[in-house]
Amino acid sequence: MAYSTKVLDHYENPRNVGTLDTSDPTVGTGMVGAPACGDVMRLMIKVGDDGVIQDAKFKTYGCGSAIASSSLLTEWVKGKTLEEAAQIKNTEIAEELALPPVKIHCSVLAEGAIKSAIEDYQQKQKK
Amino acid sequence: MWLWRKFQRLIMPITPNHFELFDLPVTFDINTELLAARYRQIQQVVHPDNFVNASDKERLAALQKTTQVNEAFQILKNPFTRGQYLLELYKIDNETLGVVKGDFLLHQIDLREELESIKQSEQLDALSFFTSRVDRQIQTLVAQINQQFEQQAYQEAKQSLQQLQFFKRLYDEAMDFEI
């Protein structure tokens, strides 16, 4: 199976790989895994007082499509409000990267990661 | 003769399930050596070489059977796919398009990070220790899945199978390393 050029680009030059300070109360962490293939993804977002995502970092242990999905996601969420970021659908990621049907679960994983990161941030803010 | 009866059954139009194809009980805890032996026997019978002078119809039937037997063998020999297939037979919803979260996943990410740092440090001892640790966890999980299928606890078996997939992936990553 051939990867699309967009997948290859993100795979070879992944954007925003890394971590943010977990002890920072404005940082939310999402950790999700895909039962279909065993790929795991960690996404961290830093949120400003205005509810806008200032920074995003990811680390994905998985296939090229999973890495590309999370890399693209970090590009998309930066500058978005939490509400906007929560609206991102896996189908948009799959479409942008031209993922084949067998790799749709990679985009599902990325959508799960941002939702889980937002949840974590909101939990932290309550405390 | 067992093989001949087997062959007659094999060319019957009704498709048996993968277990029946190898005359094995429909259960998670199968004898994998017996599976491999029966697989080889059937492959000998349906091998294309035996159908050089056969009609097109028979040749096609033999070819289809070869494909089916190959696929069934691949599915049954691997505990993960065997379990998935059993759930399918029991009509348990086994949608894998969701995401896994929680403590189990936290632990998996820790293990992935540990493996990554071992790989970077190129410590072979640490790597083989890590691999055998993961292997033990896989064995434990497989034993647990076996018990869950025996007790017909299919939802629990489904959960454990998902966990097995993560450990298998981790194991493959650990094995896939050359210095």
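How many salt bridges are there over all chains? I worked from a predicted model, and the count came to 13 salt bridges over all chains.

**Entry 1. Salt bridges between the chains**

I looked up A:R42 first. A:R42 forms a salt bridge with B:E113, and the closest N and O atoms are 2.3 Å apart. The pair joins two chains, because A:R42 lies in strand β2 (residues 40–47) of chain A and B:E113 in helix α6 (residues 103–121) of chain B. I noted that A:R42 is buried at 10% relative accessibility, whereas B:E113 is partly exposed at 28%.

I then turned to B:E116. Its salt-bridge partner is A:K59, with 3.0 Å between the closest N and O atoms. B:E116 belongs to helix α6 of chain B and A:K59 to strand β3 (residues 53–61) of chain A, so this pair also joins two chains. B:E116 counts as partly exposed, at 28% relative accessibility.

**Entry 2. Salt bridges within a chain**

In chain B, I found a salt bridge between B:R59 and B:D56, the closest N and O atoms being 2.7 Å apart. The two residues are about one helical turn apart, because they stand three residues from each other in helix α4 of chain B. I recalled that an α-helix has 3.6 residues a turn, so residues three or four places apart point the same way. B:R59 is partly exposed at 36% relative accessibility, and B:D56 is exposed at 58%.

In chain A, I recorded a network of salt bridges that links A:D9, A:R15 and A:E75.

**Entry 3. Cysteines**

How many disulfides are there over all chains? I obtained a count of zero. The sulfur of A:C37 has its closest cysteine sulfur in A:C106, 5.6 Å away, which is too far for a bond. A:C106 is likewise in no disulfide, the nearest cysteine sulfur being that of A:C63 at 3.7 Å; the cut-off is 2.5 Å. I noted that A:C37 is buried at 15% relative accessibility and that A:C106 is buried at 1%.

**Entry 4. Chain B as a whole**

I counted eight helices and zero strands in chain B. Of its 179 residues, 41% are buried. Among contacts in chain B between residues at least 6 apart in sequence, I found that 65% join residues at least 24 apart. Chain B exposes about 10,600 Å², of which carbon and sulfur atoms supply 50%.

**Entry 5. Helix α5 of chain B and B:H18**

I examined helix α5 (residues 79–89) of chain B, where the buried residues include B:F80, B:Y85 and B:L86. Which helices of chain B cover the buried residues of α5(B)? The cover includes α2, α3 (32–46), α4 (56–77), α7 (124–150) and α8 (154–175). At the start of α5(B), a side-chain oxygen of B:N78 comes within 2.7 Å of the backbone nitrogen of B:F80. Just after α5(B), B:K91 has a positive phi of about 60°.

I next looked up B:H18, which is placed in helix α2 (residues 18–21) of chain B. B:H18 is buried, with a relative accessible area of 10%. Leaving aside neighbours within four places in sequence, I found B:H18 in contact with B:E71, B:A72, B:I75, B:L76 and B:Y85.

**Entry 6. A surface patch on chain A**

Lastly, I noted that A:Y3, A:L8 and A:Y11 form a nonpolar patch on the surface, with about 260 Å² of accessible area together. A:L8 sits in helix α1 (residues 5–12) of chain A and is partly exposed, at 31% relative accessible area.

Technical notes. Residues numbered from 1 in each chain as written. Chains lettered and ligands numbered in written order. Predicted model: local features only at pLDDT ≥ 70, side-chain atom pairs only at ≥ 80, totals over all residues. Heavy atoms only, no water. Patch = residues over 30% accessible without salt bridge, like charges linked within 9 Å, V, L, I, M, F, W, Y side chains within 5 Å. Areas by Shrake-Rupley, 256 points an atom, 1.4 Å probe, with all protein chains shown as cover. Salt bridge = Lys/Arg side-chain N within 4 Å of Asp/Glu carboxyl O. Helix = DSSP H or I, 4+ residues; strand = E, 2+ residues; numbered from the N terminus. Buried < 20%, exposed > 50% of the residue type's maximum accessible area, 1.4 Å probe, protein only. Contact = heavy atoms within 4.5 Å. Polar contact = N/O pair within 3.5 Å; in protein donor to acceptor, adjacent residues only side chain to side chain.
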